[in-house]
Structures are given as structure tokens and as C-alpha cells.
Amino acid sequence: MKRVIQTIVMAAGLLSAAAAVQAAEIVIIVNPANPATAMTPTQASQFFLGKSQMFVPVDLPENSAVRAEFYKKLCDKDLAEVKALWSKLVFTGKATAPKEYSSAAEIKKAVAATPNAIGYIDKSAVDSTVKVITTLH
């Protein structure tokens, strides 16, 4: 009986940890010198889906849970849909796919170094090197 209770407690802990990951607040960031102060998710999706080149989007790696959650929250698309869209844009020469960085720290560094870059990270990673223009819930 003790083993069953331990298993149930452990499973409950794993489920709450998974829920915490899913409930992460993702923010869209730009360079602090960028004049943009706010942006709607619809406006931001234009850059992350290759419909506008006004900003240069940067992405987390394909296997990132934050990336999957970002595209789901931003434009209600899964990663396969986003990849297919970018493949078509790249193939037809209409756009260049976002450069991928391996971590939030690298995303922040790239955005801080590039005045027209736009990226996304978990809200907990925000610092003074970037400016938040949208929070996705």
C-alpha cells in the first residue's frame, strides 16, 4: 500500500511540473533601441510567419517546448504547419527562415545585438538587454 501511495504522489508531482511548463508566460522581445513599444499577437505573427520583413525573427530550436507553445499561442499552428509554411517561402525565394538559437540566453544576445530583430523567450528570462512588446497568455 505504501508503494502505491508513493507512486501516486510521484505521478502527481510530475503532472504539476508538466502543468507548470505548459503555463509558462512567453514574451515577444525586441532590441531596447527599437521604437516599437507594443505589438498585438496578430502583428507579431506577420514576422514569425514570413509575411513581413520589417523585423528579423529569431527562433528557438525545433525541439524546444517553448517554441511549440509559442506558435500555438501566437497563431494557433503546430510546428509542422509552421515548418511547411517556411519551407514554401524559402523554396519560392520569398523569405529567409528565422535563424535558430539554442537557448533563451542566445536569443536575448542576438536581439540585443540586432536593432531590427524580434524574438521570444520565457518571461522569467527577461532582463534589461531586451524590451518586451507582447506577452502571450
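A pocket, as the word is used here, is an open set of grid points where a 1.4 Å probe fits, with protein on both sides within 12 Å along at least five of seven lines. In this predicted model, the largest pocket holds about 180 Å³ of space. Helix 3, which spans residues 65-75, is a handy thread to follow from there: R67 of that helix is one of the pocket-lining residues, and F70, also in helix 3, belongs to an aromatic cluster.

**The chain at a glance**
- The protein chain comes to five helices and five strands, and along the sequence they run in the order α-β-α-β-α-α-β-α-β-β.
- Of the 137 residues in the protein chain, 36% are buried.
- Take the contacts with a separation of 6 or more, and 73% of them turn out to be between residues 24 or more positions apart.

**The largest pocket**
- Its lining is made up of D59, E62, R67, L79, V82, K83, W86, S87, A97, P98 and E100.
- Helix 4 (residues 79-91) puts in five residues, the largest share of that lining.
- Sorted by chemistry, the lining has five nonpolar residues, five charged ones and one polar one.

**R67, a charged residue tucked into the lining**
- R67 sits in helix 3 and has a relative accessible area of 9%, so it counts as buried, the cut-off being under 20%.
- The side chains of R67 and E100 are joined by a polar contact of 3.0 Å, and both residues help line the largest pocket.
- Leaving out residues up to four places away in sequence, R67 touches D59, L60, P61, E62, L79, E100 and Y120.
- Among those neighbours of R67, D59, E62, L79 and E100 are also on the list of pocket-lining residues.

**Aromatic pairs and the cluster**
- The whole structure has six aromatic pairs.
- One of them is F48 with F70, an edge-to-face pair with 4.9 Å from centre to centre and 70° between the planes.
- F48 belongs to helix 2 (residues 41-48) and F70 to helix 3, so this pair ties together parts of the chain that are 22 residues apart in sequence.
- F70 also pairs with Y71, again edge-to-face, at 4.9 Å centre to centre and with 75° between the planes.
- F48 and F70 are both buried; F70 has a relative accessible area of 0%, and the value for Y71 is 0% too.
- F48, F70, Y71 and Y120 make up one aromatic cluster, and Y120 also turns up among the residues that R67 touches.

**Helix 3 from end to end**
- At the N-terminal end, S64 acts as the cap, with a side-chain oxygen 3.2 Å from the backbone nitrogen of V66.
- Along helix 3, the buried residues are R67, E69, F70, Y71, L74 and C75.
- Just past helix 3 comes D76, with a positive phi near 55°, a sign worth flagging in a residue other than glycine.
- D76 is in the loop that leads from helix 3 to helix 4.
- With 54% relative accessibility, D76 is exposed, because the cut-off for that label is over 50%.

How values were computed
Residues are numbered from 1 along each chain as its sequence is written. This is a predicted model: local features need pLDDT of at least 70, side-chain atom pairs count only at pLDDT 80 or more; totals for chains, interfaces and linings use all residues. Side-chain values use heavy atoms; hydrogens and water are left out. On a 1 Å grid over the protein atoms alone, a cavity is a set of points where a 1.4 Å probe fits but cannot get out, and a pocket is an open set with protein on both sides within 12 Å along at least five of seven lines; lining residues have an atom within 4 Å of a point. Grid points are joined across faces, edges and corners, and a volume is the space filled by probe spheres set on the points. Helices (H or I, at least four residues) and strands (E, at least two) are DSSP runs, numbered from the N terminus. Ala, Val, Leu, Ile, Met, Phe, Trp, Tyr, Cys and Pro count as nonpolar, Asp, Glu, Lys and Arg as charged, and the others, Gly among them, as polar. Buried means under 20% relative accessible area, exposed over 50%, partly exposed in between (1.4 Å probe, protein chains only). A polar contact is a pair of N or O atoms within 3.5 Å; within protein, one must be able to donate a hydrogen and the other to accept it, and residues adjacent in sequence count only if both atoms are side-chain atoms. Contact means heavy atoms within 4.5 Å. Rings of Phe, Tyr and Trp (its six-membered ring) pair if their centres lie within 6.5 Å; planes under 30 degrees apart count as stacked, over 60 as edge-to-face and the rest as tilted.
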